[in-house]
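Q: I would like a close look at one part of this predicted model. Please start from a single residue and then work outward.

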Amino acid sequence: LVKHFPINKGGFLISRRVASVHAVDNISFDIHRGETLGLVGESGCGKSTTSQLLVRLIDATAGTIRFDGEDISALSGSALRRKRKDFQIIFQDPYSSLNPRMRVRDLLSEPMEISGMNSPERAARVFELLSLVGLARRHADRFPHEFSGGQRQRIGIARALALKPKFVVCDEPVSALDVSVQAQIVNLLKDLQGEFGLTYLFVAHDLSVVRHISDRVAVMYLGKIVEIASKSSIFSNPQHPYTQALISSLPMPRPRQTRRVIALKGDVPSPIDPPSGCRFHTRCPLVVDRCRVQEPPSREVGTHSVACHLA
Ligand code: SF4
Ligand code: MG
């Protein structure tokens with residue numbers, strides 16, 4: 001899957017080449033039915049672009065997305081609308097993703113209305129959804145600003161579930177919430193997954209958040225997936241230097257344990273002109289000459305899929 005955003009000619013003057021943001025650059029992965037794939041990486045690595053590609057909110061520059069064996073990458077118009085009920089997205093900021101002038105009842109009804117559900121069915125489903133996410137019936141008549149951040153995210157979740165999707169992308173659903181509320185929302189998502197057999201892509205910039213919900217974890221860096229493995233294996237035996245650095249920065253479960261902390265130098269480079277060879281070479285503590293010229297292909301190393309020359 002590839003997504004390049006061309007840069008507006010009237011915008012920045014980058015170079016004589018036609019500039020584009022390489023938001024997602026040749027990634028390939030699968031998500032198994034009923035599992036949660038965690039997707040982590042620093043901000044600007046392409047996680048949200050990947051999220052929006054998968055649920056067809058934006059079109060890919062190249063590549064294919066298969067859902068239940070069906071190629072959905074070329075669907076459009078009414079065919080896409082019909083299919084879309086199967087895959088939904090929960091956004092990071094429930095406040096900006098909910099129309100402030102709509103009552104909760106209407107926010108939840110809207111997707112059902114678009115899909116052609118009649119009014120009594122919609123009304124019944126609204127109450128069902130509120131109860132599923134732990135809100136009261138009386139909340140149906142309120143506006144988003146009358147709720148706390150955690151409650152607003154519950155509304156966002158209810159809206160995403162309105163049409164009984166099979167696959168839900170959770171794009172940093174707890175990043176904007178207080179730490180005390182984060183666990184409640186993660187637990188709610190886990191419960192709903194158990195109840196409805198949902199499949200999740202769960203996006204976070206913080207490995208500690210995906211730890212509790214993921215079955216497998218994919219690590220993204222500058223538009224590339226650099227490592228994928230089961231959760232237990234990625235935490236106990238990370239293969240890619242970037243994964244190792246992310247894990248070494250997590251607080252230790254037992255404070256007296258010692259660990260070598262790999263400090264990453266600088267920020268993520270610009271996705272407009274990404275580094276040659278391995279995109280991580282400008283920050284990698286293990287970099288060798290070859291890394292600057294040759295892009296490391298993704299290889300199987302044990303049970304991991306990892307893109308590093310030295311793995
Ligand atoms: Fe580091 Fe080279 Fe591996 Fe890239 S390929 S992660 S620069 S060692
Ligand atoms: Mg994001």
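Which residues does P271 touch, not counting residues up to four places away in sequence?

A: P271 touches V21, H22, A23, G44, L222 and G223, leaving out residues up to four places away in sequence. Contact here means that the C-beta atoms of two residues, placed from the backbone, lie within 7 Å. Residues are numbered from 1 along each chain as its sequence is written, while chains are lettered from A and ligands numbered from 1 in the order in which they are written. The model is predicted, so local features need pLDDT of at least 70 and side-chain atom pairs count only at pLDDT 80 or more, whereas totals for chains, interfaces and linings use all residues.

P271 lies in the loop between α10 (241-248) and α11 (289-293). Helices (H or I, at least four residues) and strands (E, at least two) are DSSP runs, numbered from the N terminus. P271 counts as buried because 21 other C-beta atoms lie within 10 Å. The cut-offs are 20 or more other C-beta atoms within 10 Å for buried, 12 or fewer for exposed, and partly exposed in between, with C-beta atoms placed from the backbone. P271 and R122 are 149 residues apart along the chain, and their C-alpha atoms are separated by 44 Å.

G116 gives a contrast in burial: with 9 C-beta neighbours inside 10 Å, G116 counts as exposed. G116 sits in the loop between α4 and α5, follows α4 and has a positive phi, near 90 degrees. Its C-alpha is 46 Å from that of A307, 191 residues away in sequence. Within α4 (residues 104-114), V104, L107, L108, S109 and M112 are buried. The elements covering these buried residues include α5 (119-132) and α6.

Next, the sheet. Eight strands form an open sheet with mixed pairing, in the order β6-β7-β8-β3-β9-β10-β12-β11. Its edge strands, each pairing on one side only, are β6 (87-90) and β11 (299-301). The twist averages 20 degrees from one strand to the next. Helix α6 (residues 149-161) packs on the sheet, touching β6 and β7 (167-171), and its direction makes about 170 degrees with that of β6. Axes are lines fitted to C-alpha atoms, for helices over the stretch in contact, and angles run from 0 to 180 degrees between N-to-C directions.

In β8 (residues 199-204), six of its six residues are buried. T199, L201 and V203 cover one side, with Y200, F202 and A204 on the other. β8 pairs in the parallel sense over five bridges with β3 (residues 36-40), and β7 and β8 also pair in the parallel sense over five bridges. Two strands count as paired if DSSP finds at least two bridges between them. V203 is the bridge partner of L39 and also of D171. At the β11 edge, β11 and β12 (residues 304-306) pair in the antiparallel sense over three bridges, with E300 opposite S305 in β12.

F202 of β8 touches T36, G38, L39, C170, V210, I213 and S214, not counting residues up to four places away in sequence. F202 is also, with V40, A158, C170, L201 and V219, among the residues that touch the most other members of the largest nonpolar core, which has 68 residues. Such a core is a set of buried Ala, Val, Leu, Ile, Met, Phe, Trp, Tyr and Cys residues joined through C-beta atoms within 7 Å.
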